[in-house]
Amino acid sequence: EIRNPLASISGSIELLGQGGPTTPDEQKKLMNIVIREIDRLNNMITEFLDYVKPNQVSDESVQLSGLLGDICEMNKMNKNLRQDTEVTLDLSSKKIIAGSRDKLRQALINIIINAHQAVTEQPHPKVKVSCIDGDKKVTVRISDNGVGIEEARLKKIFEPFHTTKAKGTGLGLAVTHKILEAHNVQIFVESQKGVGTEFILEFPERTERTDLPLAQTKIPEDNLTWGIQNRKAK
């Protein structure tokens, strides 16, 4: 992830230094490569720092239904996502949870963006987001009818640097898992290849206790502990 961008930057600068490109368009093309790869390195380093630094959770009162509504509204302006995707919202939750609004926004955006990206090639793309109150908890479900995740990959989706995306760093879901773990969220992932994927997140309702523990750095090896399971074929 570091060497490939550095090789592109080095090669472009070397050509510029040797006077290789003679036209302004050729020079501009090489400079655009340098800028793009620098941005790629910067994004990767930012994600890596988010993953490795201690995750102290702040004690804000957060209503998840409002936060999810804001994220989905923002996605309507994202030109990198298919705008014909059918997005269904069920944001009936009224309960409050304790945590960091900005960190939770980051984690939920990652999952929702992944859902949109999963339906890119579908003829009738669908993404559903729900937020419902339960007994001493708030349950968030984010599902899609996209490509799905095969069982072998499903076991590794939260591992750092694991990705199938051509331009992905493989840190997005690793950072997401760390943020949610720091908020004492139970995470379940159901998926079937060619059918779709659903993330189920169970947040504890806010109580009188305001202190939240630091994130646990050890990832359980038992997949059942992770709450990862296969979706049953419909």
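Student: How many salt bridges does a search of the whole structure find?

Tutor: The search turns up seven salt bridges. Keep in mind that this is a predicted model.

Student: What makes Glu37 and Arg36 a salt bridge?

Tutor: Check the distance: their side chains meet at 3.1 Å, N to O. The cut-off is within 4 Å, so the pair counts as a salt bridge.

Student: And how do you know whether Glu37 is buried or exposed?

Tutor: Look at its relative accessibility, which is 5%. Buried means under 20%, so Glu37 counts as buried.

Student: Where does Glu37 sit, and what does Glu37 touch?

Tutor: You'll find Glu37 in helix H2, residues 24-52. Leaving out residues up to four places away in sequence, Glu37 touches Asn4, Pro5, Ser8 and Ile9.

Student: Which residues of H2 are buried, and what covers them?

Tutor: Leu30, Val34, Glu37, Leu41, Met44 and Asp50 are buried. Their cover includes helix H1 (3-17), helix H4 (101-118) and helix H6 (172-182).

Student: How do you know that the length of H2 agrees with what a helix should span?

Tutor: Try the sum: at 1.5 Å a residue, the 29 residues of H2 should span 42 Å. The end C-alpha atoms of H2 are 42 Å apart, so the two agree.

Student: Why is Leu49 called partly exposed?

Tutor: Leu49, also in helix H2, has 47% relative accessibility. Partly exposed runs between 20% and 50%, so that label fits Leu49. Leu49 also joins Ile45, Phe48 and Val52 in a nonpolar patch on the surface, with about 350 Å² of accessible area together.

Student: Back to salt bridges. Why does the pair of Glu198 and Arg141 count as one?

Tutor: Their closest N and O atoms are 3.4 Å apart, and the limit is 4 Å, so the label holds. Glu198 lies in strand E7 (residues 196-204) and Arg141 in strand E5 (residues 137-144), so the pair ties together parts that are 57 residues apart in sequence.

Student: Are those two partners buried or partly exposed?

Tutor: One of each! Glu198 is at 13% relative accessibility, so Glu198 counts as buried. Arg141 is at 36%, so Arg141 counts as partly exposed.

Student: What about cysteines: how many disulfides does the structure hold?

Tutor: Zero. A disulfide would need a pair of cysteine sulfur atoms within 2.5 Å.

Student: Why are Cys72 and Cys131 called buried?

Tutor: Cys72 has a relative accessible area of 10%, and Cys131 has 0%. Buried means under 20%, so both get that label.

Terms used. Residues numbered from 1 in each chain as written. Predicted model: local features only at pLDDT ≥ 70, side-chain atom pairs only at ≥ 80, totals over all residues. Heavy atoms only, no water. Helix = DSSP H or I, 4+ residues; strand = E, 2+ residues; numbered from the N terminus. Buried < 20%, exposed > 50% of the residue type's maximum accessible area, 1.4 Å probe, protein only. Contact = heavy atoms within 4.5 Å. Expected span 1.5 Å × (residues − 1). Patch = residues over 30% accessible without salt bridge, like charges linked within 9 Å, V, L, I, M, F, W, Y side chains within 5 Å. Areas by Shrake-Rupley, 256 points an atom, 1.4 Å probe, with all protein chains shown as cover.
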